[in-house]
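Trainee: I'd like a close look at one part of this structure, the salt bridges, and then a walk outward to the surfaces around them. Could you take me through it in one go?

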Amino acid sequence: MKQFVFLVRRDLNLAFRQGMDSLLVVVFFIIAVVLFPFGVGPEPGTLARIAAGVIWVAALLSTMLSLERLFQIDYDDGSLELLALSSLPLEVTVLAKVTAHWITSGLPLIVAAPVLAVLMQMDSDGFMVLIVALLLGTPSLSLIGAIGAALILGSRRGGVLLSLLVLPLYIPVLIFGVSAVDGAIGGYEFKAQLLILGGFFIGTLALAPWAGAGGLRQALE
Amino acid sequence: MADLHRFANPTRFLKLAGIIQPWALAVFLLSITVGLYMAFFTAPADYQQGESARIMYVHVPAAWMAMFCYTVMAVASAVSLIWKHPLADVSARATAPIGAAFTFLSLATGSLWGKPMWGTWWVWDARLTSVLVLLFLYIGYMALQGAFDDRVRAAKASAILALVGFVNVPIIKFSVDWWNTLHQPASVIKMGGSSIHPSMLWPLLIMAIAFKAYYVWVLMVRMRQELVANKVRILRLKQVHGG
């Protein structure tokens with residue numbers, strides 16, 4: 001546990017010392033969403049209708065953009081091998097790196113999301129649910145993404161490949177994330193979707209570190 | 001385990017594949033002829049959908065094969081990761097493009113059928129969407145295979161991906177039961193017997209055999225080709241290093 005916390009703090013320190021890097025993900029998130037009013041027109045009804053979907057898709061894409069850095073830097077400078085050699089099980093290492101990744105890229109998205117919801121004319125009934133859904137959904141995105149990030153280490157065209165591997169697996173989170181928010185806005189029941197998102201989170205929390213560690217092991221051989 | 005590793009020897013496998021390949025081709029040619037004849041001439045037209053229901057005889061077996069191929073790929077990947085069986089890799093890699101082709105075929109035929117029947121080429125229904133995701137998984141698998149210079153790494157990375165993506169297969173199978181979809185629920189294999197009339201069921205099953213035989217045939221061709229290509233590569237390397 002102590003090592004786990006240490007590893008998370010190390011990754012957070014590295015991210016904060018690089019300053020802008022982790023902030024760039026949020027900037028991408030905001031720009032991606034802001035493009036939509038130009039694309040589909042500023043008509044409030046249209047924007048409100050697509051707001052939840054657009055915010056979720058942008059969150060998916062920006063999480064995916066930041067994934068490449070999850071293991072790549074440590075892989076390049078060799079510290080990943082040292083981490084693998086340490087007494088900490090590789091699965092826990094993966095979990096620690098995912099935690100740090102979520103704090104640096106998932107959490108800022110959640111902070112930015114309500115502002116974007118206002119810009120997209122989203123009905124205020126959806127705000128709380130959007131935040132809760134993102135809170136439950138983005139950790140799953142980081143966890144699933146860690147598998148992809150581990151698999152592409154050392155390959156050619158890593159970034160594009162990563163999107164091809166990870167985005168199809170993100171679809172369930174997107175579906176239930178959007179339908180929870182749309183349900184809340186429409187005045188329907190939305191608890192079921194949130195529970196399913198929570199279920200995804202627990203499921204990926206249990207399984208993704210193993211698959212990710214498997215991916216890292218074969219990369220380090 | 002002894003049986004599994006008996007065929008780990010590529011030479012022994014090549015011999016066996018040489019025997020299976022013509023037989024698979026023969027079964028395929030025979031059953032596709034009989035199956036298509038029955039599908040077009042002896043099977044009755046549907047009382048509601050008319051002649052266009054005949055596309056089912058291609059669509060349904062193709063969709064079965066799409067899921068079957070992915071399952072084969074996932075099992076082969078598991079075998080290659082756990083027991084490091086050398087042929088498991090080769091068979092998983094050889095299966096991927098065939099499965100992707102079947103997936104595409106089932107989507108394309110379904111879309112052609114959907115236009116006159118549902119009035120649209122495509123609906124975002126749970127079954128269609130999950131099959132589309134399956135196609136992306138196949139493409140991702142093949143892309144990952146091709147992204148490494150080191151073939152052993154490519155095999156391992158894509159094996160893990162195939163196993164992770166396997167969660168989608170039960171979702172496809174049960175999507176029509178879990179969600180209220182436009183796509184009709186399972187009618188061939190279900191509790192309490194099939195709800196398809198034998199005059200339609202037989203051509204369907206014969207077509208399914210034809211598709212399976214086709215798969216075995218192409219799999220043998222591709223696996224032999226890959227093993228021979230490996231041999232050529234090793235011989236070339238020997239030449240370079242030796243001479």
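**Salt bridges and the surfaces they do or don't cross**

Mentor: Let's start with a pair in chain A: A:Asp74 forms a salt bridge with A:Arg10, and their closest N and O atoms sit 3.2 Å apart. A:Asp74 belongs to helix H3 (residues 44–77) of chain A and A:Arg10 to helix H1 (residues 2–17) of chain A, so the pair ties together parts that are 64 residues apart in sequence. Side chains of opposite charge can pair when their charged atoms come close. Keep in mind that this is a predicted model. Searching the whole structure turns up eight salt bridges over all chains.

Now over to chain B. What salt bridge does B:Arg151 form? Its partner is B:Glu226, with the closest N and O atoms 3.2 Å apart. To place that pair, you need the domain layout: chain B is divided into domain 1 (16–44 + 197–243) and domain 2 (52–185). Between domain 1 of chain B and domain 2 of chain B the count is two salt bridges, alongside six residue pairs in polar contact (both at pLDDT 80 or more).

On the domain 1 side of that boundary, the elements giving two or more residues are helix H2 (10–42) and helix H8 (198–242) of chain B. H8(B) has the largest share of that side, with 17 residues. By residue type, the side of domain 1 of chain B that touches domain 2 of chain B splits into 16 nonpolar, one polar and four charged.

How much surface goes into this boundary? The area buried between domain 1 of chain B and domain 2 of chain B is about 2,100 Å², with carbon and sulfur atoms giving 75%. Three residues to click on are B:Leu204, B:Phe211 and B:Tyr215: they supply 32% of the area that domain 1 of chain B buries against domain 2 of chain B, more than any other three residues. In contact terms, 21 residues of domain 1 of chain B meet 23 residues of domain 2 of chain B. The C-alpha centres of domain 1 of chain B and domain 2 of chain B are 18 Å apart.

While you're in chain B, have a look at helix H3 (residues 56–83) of chain B. H3(B) has 28 residues and reaches 39 Å from its first C-alpha to its last, close to the 40 Å expected at 1.5 Å a residue. Right after H3(B) comes B:Lys84, whose phi is positive, near 55°.

Next, the surface between the two chains. How many salt bridges are counted between chain A and chain B? Zero. The rule does find two residue pairs in polar contact across the interface of chain A and chain B (both at pLDDT 80 or more). On the chain A side, helix H6 (125–151), helix H7 (158–186) and helix H8 (191–220) of chain A each supply at least two residues. H7(A) gives the most to that side, with seven residues. The chain A side that touches chain B divides into 15 nonpolar, five polar and three charged residues.

As for its extent, chain A and chain B bury about 1,700 Å² between them, 71% of it on carbon and sulfur atoms. A:Leu151, A:Arg156 and A:Gln218 supply 31% of the area that chain A buries against chain B, more than any other three residues. The contact takes 23 residues from chain A and 19 residues from chain B.

How values were computed: Residues numbered from 1 in each chain as written. Chains lettered and ligands numbered in written order. Predicted model: local features only at pLDDT ≥ 70, side-chain atom pairs only at ≥ 80, totals over all residues. Heavy atoms only, no water. Contact = heavy atoms within 4.5 Å. Buried area = accessible area lost by both parts, 1.4 Å probe. Salt bridge = Lys/Arg side-chain N within 4 Å of Asp/Glu carboxyl O. Polar contact = N/O pair within 3.5 Å; in protein donor to acceptor, adjacent residues only side chain to side chain. Helix = DSSP H or I, 4+ residues; strand = E, 2+ residues; numbered from the N terminus. Nonpolar A, V, L, I, M, F, W, Y, C, P; charged D, E, K, R; others polar. Domains from an automatic or database assignment. Expected span 1.5 Å × (residues − 1).
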